[in-house]
Every structure is written in C-alpha cells, then in structure tokens.
Amino acid sequence: RRTRPGFTFALRIGNSDEVLRQVLDHETDVGVMGRPTSDPRLICRRIRQESWSANTVVIALTGWGQDEDRRKTGEAGFNAHVVKPVTLPMLEKLWLE
C-alpha cells in the first residue's frame, strides 16, 4: 500500500480475472492488467460500473502499441496503455499523476 497526501491506494497486478476480483473485493485504487485470461476491455468496463471506481487508475500492460490498440483501451476506460517492458518507476509515475 502506497500513500500520498489525501490519497491511499493498493496496487493489484495480475491476469485480468485476478485484477477484477481483487479490485472488486477491495475497492482498489490502482489495477494493472497483464496476461489476459478474459478480454481486459470487458474487465475494465466492469470495474467502471462501480460507483467508487471514478478515482481508480486502471492501466493496460500490453505487448500491443498501435494507435488502434490505444484507442480501444481508452474507450474501455483505461487510464493508461503501457507497452512492455515496463518498470515500477514508470507505473508509479502513471498512478501518481
């Protein structure tokens, strides 16, 4: 769990089904999805249906980086689309913005 003034969050990283379960169970503020076991866009849309998710940061961690890929994740409600490889400082910058 990391904190900054006025903001506390838990980071959940895993396959899309794990992230969905963890985010819904814990009202997590940050979720990073990689290794899709379900369509990550559907998972993100499901998270966005929750009233508390307005402040949740959902990051797509992917091997696909074309404009079309980025457009689709944006439409699904992801806050960021990150092409692998990624470092923890890169992710931290995204969720602290």
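**Exercise 1. In this predicted model, where is Glu-50 found, and is Glu-50 buried, partly exposed or exposed?**

Solution. Begin with the place along the chain: Glu-50 sits in the loop between helix 2 and strand 5. Next, look at the surface. The relative accessible area of Glu-50 is 23%. Buried would need a value under 20%, and exposed a value over 50%, so a residue in between is partly exposed. Glu-50 is therefore partly exposed.

Now see what lies around this residue. Glu-50 and Leu-24 are 26 residues apart in sequence, yet their C-alpha atoms are 8.4 Å apart in space. Glu-50 also has a salt-bridge partner, Arg-46, with 2.5 Å between the closest N and O atoms. Arg-46 is partly exposed too, at 31% relative accessibility.

**Exercise 2. How many salt bridges does the model have? Then work through the pairs of Arg-41 and Arg-71.**

Solution. The idea to keep in mind is a simple one: side chains of opposite charge can pair when their charged atoms come close. The cut-off is 4 Å between a side-chain nitrogen of Lys or Arg and a carboxyl oxygen of Asp or Glu. Counted by this rule, there are four salt bridges.

Step one is Arg-41, whose side chain meets that of Asp-39 at 3.3 Å, N to O. Arg-41 has a relative accessible area of 27% and is partly exposed; Asp-39, at 29%, is also partly exposed.

Step two is Arg-71, which is bridged to Glu-68 at 2.4 Å, N to O. Both residues belong to helix 3 (residues 67-76), and they are three residues apart, about one turn of the helix. Arg-71 is partly exposed at 36%, and Glu-68 is partly exposed at 39%.

Step three widens the view: Glu-68, Arg-71 and Glu-75 form a linked network of salt bridges.

**Exercise 3. How do the axes of helix 2 and helix 3 cross, and which residues make the contact?**

Solution. Take the geometry to start with. The axes of helix 2 (residues 40-48) and helix 3 come within 8 Å, crossing at roughly 25 degrees. Angles under 35 degrees count as roughly parallel, so helix 2 is roughly parallel to helix 3.

Then name the residues. Helix 2 contributes Arg-41, Cys-44, Arg-45 and Arg-48, while helix 3 contributes Lys-72, Glu-75 and Ala-76. Sorted by class, this contact has five charged residues, two nonpolar and no polar ones. You have already met two of these residues: Arg-41 in the bridge with Asp-39, and Glu-75 in the network with Glu-68 and Arg-71.

**Exercise 4. Which residues of strand 5 lie on each side, and what does strand 5 pair with?**

Solution. A useful hint is that in a regular strand the side chains alternate between the two faces of the sheet. On one side of strand 5 are Val-57, Ile-59 and Leu-61, and on the other are Val-58, Ala-60 and Thr-62. Both faces are covered, and six of the six residues of strand 5 (residues 57-62) are buried.

For the partner, turn to strand 6 (residues 80-83): four bridges join it to strand 5, and the two strands run parallel. Within this pairing, Ile-59 stands opposite Ala-80.

**Exercise 5. How many helices and strands does the chain have, and in what order do they run?**

Solution. Count the elements: there are four helices and six strands. From the N terminus on, the order is β-β-β-α-β-α-β-α-β-α. To round off the picture, 36% of the 97 residues count as buried.

Notes:
Residues numbered from 1 in each chain as written. Predicted model: local features only at pLDDT ≥ 70, side-chain atom pairs only at ≥ 80, totals over all residues. Heavy atoms only, no water. Buried < 20%, exposed > 50% of the residue type's maximum accessible area, 1.4 Å probe, protein only. Axes fitted to C-alpha atoms, helices over the stretch in contact; angles between N-to-C directions. Parallel < 35°, antiparallel > 145°, perpendicular 65-115°, else oblique. Contact = heavy atoms within 4.5 Å. Nonpolar A, V, L, I, M, F, W, Y, C, P; charged D, E, K, R; others polar. Pairing = 2+ DSSP bridges.
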